[in-house]
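Subject: A structure for you to explore

Hi there,

Here is the structure I promised to pass on to you. Have a look at it first, and then read my notes below with the 3D view open beside them.

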Amino acid sequence: MIITVDGPAASGKGTLARRLAKHYGLPHLDTGLLYRGVGYLMIRENHSLDDPAAAARVADALDPSKLDQKALRTDAAGEAASRVAAIPGVRAALLKLQQDFARQPGGAVLDGRDTGTVIAPDADVKLFVTASPEERARRRHRELVARGEAAGYDEVLADIKKRDERDSERSIAPLKPAPDAVLLDTTHLDIEAAFRAAIEIVEAPRAGRTRP
Ligand code: C5P
C-alpha cells in the first residue's frame with residue numbers, strides 16, 4: 001500500500017506520516033528533507049540559492065543517507081529548501097529516488113508537497129493535510145521556543161505565509177491537492193485526533209465505505 005501525505009508547512013503532515021508508517025509497518029520518506037538537504041548544502045558550499053546549475057548538481061550528488069536531520073530542521077534550511085525546490089533541475093534530480101522509494105515491494109508512506117500529484121499519482125490513499133496559517137504558526141512557534149530558538153510569533157506567521165505562497169505559486173509541482181486526495185483539516189485537532197481521522201480515511205475504502 002502506498003500512502004501519500006501532502007500539505008503546507010507545519011500542517012502536521014510529517015507527524016501523521018510517521019505515525020501511519022509505524023501503524024502499518026511501512027517505510028517512510030520525508031521528501032522535504034531532500035529539498036532541505038539541497039538548500040543546506042548550497043549555503044554550506046557558498047552557492048547562490050538562485051543558481052539553477054549549481055542546485056541541480058548538488059541535488060544530483062545528494063546522498064540521503066548522509067543527511068543530518070538536526071541541521072536540516074531549522075527555519076533557515078526550510079526557507080532555502082523552498083527556494084531550490086522551485087528549480088526544475090532540482091526536482092528532476094530528486095524524482096527517481098522518491099519514485100523508487102514509493103514503488104518498493106509492500107509499499108511506503110511519503111510526505112511532502114507533490115507526493116500524491118507527481119511522485120506517486122497511483123498511490124492507494126492520498127491525504128492532503130491542512131490547518132489555518134495562524135494555527136500552523138502557533139505550532140511552529142511553540143516548537144522553536146521548546147528548542148530554545150528565539151523567534152516571535154508574528155515573524156513565524158509571516159514566514160509560513162511566504163513559504164505557502166512560494167510553494168503554491170511556483171510553476172513546477174506546486175502545492176495543491178491531487179484530485180483524488182482526501183482533505184484533512186487539523187486546525188482544531190490534536191495529534192491523536194488527527195491520527196484517528198487519518199486512519200479512518202485509510203481504512204474507509206477497505207471497509208467499503210466512502211471516504212469522509
Ligand atoms: O516539508 P518541509 O517543510 O520539510 O519542506 C521544505 C520545503 O521543501 C517546502 O517548503 C517545499 O518548498 C519543498 N518541498 C517540495 N516538495 C516536496 C517536499 C518539500 O517542494 N515533496
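Let me start with a small puzzle: which residue in E4 does Asp-6 stand opposite? Try to find the residue before you read on. The partner is Phe-128. Please keep in mind that this is a predicted model.

**The sheet**

Now for the wider setting of that pair. The model has an open sheet of 5 strands, and their order across the sheet is E2-E3-E1-E4-E5. The pairing is parallel. At the edges you will find strand E2 (28-30) and strand E5 (182-185), each of which pairs on one side only. Neighbouring strands are turned against each other by 20° on average, if direction is ignored. As a general reminder, the strands of a sheet pair through backbone hydrogen bonds, either parallel or antiparallel.

**Following the pairs across**

Strand E1 (residues 2-6) pairs with strand E4 (residues 125-130) in the parallel sense, over 4 bridges. Besides the pair from the puzzle, Val-5 stands opposite Leu-127 in E4. E1 also pairs with E3, again in the parallel sense, over 5 bridges. There, Thr-4 is found opposite Leu-110 in E3.

E4 in turn pairs with E5 in the parallel sense over 4 bridges. Phe-128 turns up once more here, with Leu-183 as its bridge partner in E5.

**What is covered**

Why can we call E1 largely enclosed by the rest of the structure? The reason is that 5 of the 5 residues of E1 are buried. Both faces of this strand are covered: Ile-2, Thr-4 and Asp-6 are buried on one side, and Ile-3 and Val-5 are buried on the other. That split fits a general pattern: in a regular strand the side chains alternate between the two faces of the sheet. E4 is mostly covered too, with 5 of its 6 residues buried.

**Two helices on the sheet**

Helix H2 (residues 31-44) lies across E2 and strand E3 (108-112), and runs at about 40° to E2. Helix H10 (residues 191-206) packs on the sheet as well, where it touches E1, E4 and E5. The direction of H10 makes about 170° with that of E5.

While you are looking at H2, pick out Gly-37, which has its place in this helix. Is Gly-37 buried or exposed? Its relative accessible area is 1%, and buried means under 20%, so Gly-37 counts as buried. Leaving aside residues up to four places away in sequence, Gly-37 touches Leu-62, Leu-67 and Leu-72. By contrast, the C-alpha atom of Gly-37 is separated by 26 Å from that of Tyr-153, which is 116 residues apart from it along the chain.

**The ligand**

Finally, turn to the ligand. There are 15 residues around it, and those that come nearest are Arg-36, Arg-91, Asp-114, Arg-163 and Asp-167. A polar side-chain atom of Asp-114 lies 2.9 Å from a nitrogen atom of the ligand. For Arg-170, a polar side-chain atom lies 2.9 Å from an oxygen atom of the ligand. In the side chain of Lys-13, an N or O atom is 3.2 Å from a ligand oxygen atom. How much of the ligand does the protein bury? Taken alone the ligand exposes 460 Å², and the protein buries 97% of that.

Enjoy exploring, and write back with any questions.

Best wishes

Methods. Residues are numbered from 1 along each chain as its sequence is written. This is a predicted model: local features need pLDDT of at least 70, side-chain atom pairs count only at pLDDT 80 or more; totals for chains, interfaces and linings use all residues. Side-chain values use heavy atoms; hydrogens and water are left out. Two strands pair if DSSP finds at least two bridges between them. Helices (H or I, at least four residues) and strands (E, at least two) are DSSP runs, numbered from the N terminus. Axes are lines fitted to C-alpha atoms, for helices over the stretch in contact, and angles run from 0 to 180 degrees between N-to-C directions. Contact means heavy atoms within 4.5 Å. A residue is near a molecule or strand if one of its heavy atoms lies within 4 Å of it. A polar contact is a pair of N or O atoms within 3.5 Å; within protein, one must be able to donate a hydrogen and the other to accept it, and residues adjacent in sequence count only if both atoms are side-chain atoms. Accessible areas come from the Shrake-Rupley method with a 1.4 Å probe; for residues, only the protein chains shown count as cover. Buried means under 20% relative accessible area, exposed over 50%, partly exposed in between (1.4 Å probe, protein chains only).
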